Amino acid sequence: MLSRTADHLFWLSRYIERAENTARMLDIAYQTSLQPQSATESEQTWRSLVSISELNGLYGARYSAINGRNVMEFMVADENNLSSIFNCLRAARE
């Protein structure tokens, strides 16, 4: 019973940490997007975030353009993205 509880606590903390790290990366990308920059540089910032998470294929299947709004929606609340903050917190809860 103790090892099962330890296993559950391990996965709970892992999912919460993943959600926190995703939120931090989104915050950095958002703060960077507020700085004066060209459209190409802005797109590259958001593209980098999707690439770091290795979600290019899943993102490309859902969205045609890379922009802040789409990436934020995809990384925060998309139910099909298992790395989204929503899904990480749901997995932690379960």
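**Notes on the aromatic pairs, surface patch and helices**

Five aromatic pairs are counted here. One of them, W11 with Y15, is tilted, with ring centres 5.9 Å apart and 40° between the planes. Please keep in mind throughout that this is a predicted model. A few points that caught my eye follow.

1. The W11–Y15 pair sits within one helix. Both residues belong to helix α1 (residues 2–33), and because they are four residues apart there, about one helical turn separates them. The angle of 40° between the planes falls between the cut-offs of 30 and 60 degrees, so the pair counts as tilted. As for cover, W11 is partly exposed at 36% relative accessibility, and Y15 is partly exposed at 23%.

2. Next comes a pair between two helices. Y59 and F74 have ring centres 5.3 Å apart and planes at 80°, so this pair is edge-to-face. It links distant parts of the chain, since Y59 lies in helix α3 (residues 56–62) and F74 in helix α4 (residues 68–77), 15 residues apart. Y59 is buried, with a relative accessibility of 3%, and F74 is buried too, at 1%. The contrast with W11 is a nice one to look at in the viewer: W11 is partly exposed.

3. Back in the first group of rings, F10 joins in. Ring pairs connect F10, W11 and Y15 into a cluster.

4. There is also a nonpolar patch on the surface. L9, L12, I16 and L89 make it, and its area is about 340 Å². Helix α1 gives the largest share of this patch, three residues. L9 is placed in α1 and counts as exposed, with 52% relative accessibility; the cut-off for exposed is over 50%, so L9 passes it by this rule.

5. How does the span of helix α2 agree with what its residues should give? The helix covers residues 39–52, and at 1.5 Å a residue its 14 residues should span 20 Å; the C-alpha atoms at its ends are 20 Å apart, which agrees.

6. Which residues of α2 are buried? They are T45, W46, L49 and V50. These four cover an arc of only 135° around the axis, so they lie on the same side of α2. T40 and I52, on the other side of the helix, are exposed. I would colour α2 by accessibility to see both sides.

7. The residue E54 deserves a look of its own. It follows α2 and is found in the loop between α2 and α3. Its phi is near 55°, a positive value in a residue other than glycine. E54 is exposed, with a relative accessible area of 71%.

8. Finally, a word on D7 and distance along the chain. D7 lies in helix α1 and is partly exposed, with a relative accessible area of 38%. D7 and Y30 are 23 residues apart along the chain, and 35 Å separates their C-alpha atoms.

To pull the threads together: the Y59–F74 pair links α3 with α4, whereas W11 and Y15 both lie in α1. Helix α1 also gives the largest share of the nonpolar patch, and α2 has T45, W46, L49 and V50 buried, with T40 and I52 exposed on its other side.

Note on methods:
Residues are numbered from 1 along each chain as its sequence is written. This is a predicted model: local features need pLDDT of at least 70, side-chain atom pairs count only at pLDDT 80 or more; totals for chains, interfaces and linings use all residues. Side-chain values use heavy atoms; hydrogens and water are left out. Rings of Phe, Tyr and Trp (its six-membered ring) pair if their centres lie within 6.5 Å; planes under 30 degrees apart count as stacked, over 60 as edge-to-face and the rest as tilted. Buried means under 20% relative accessible area, exposed over 50%, partly exposed in between (1.4 Å probe, protein chains only). Patches are made of residues with over 30% relative accessible area and no salt bridge: like charges are joined within 9 Å, nonpolar side chains (Val, Leu, Ile, Met, Phe, Trp, Tyr) within 5 Å. Accessible areas come from the Shrake-Rupley method with a 1.4 Å probe; for residues, only the protein chains shown count as cover. A salt bridge is a side-chain nitrogen of Lys or Arg within 4 Å of a carboxyl oxygen of Asp or Glu. The expected span of a helix is 1.5 Å times one less than its number of residues. The arc is that of the directions from the helix axis to the C-beta atoms.
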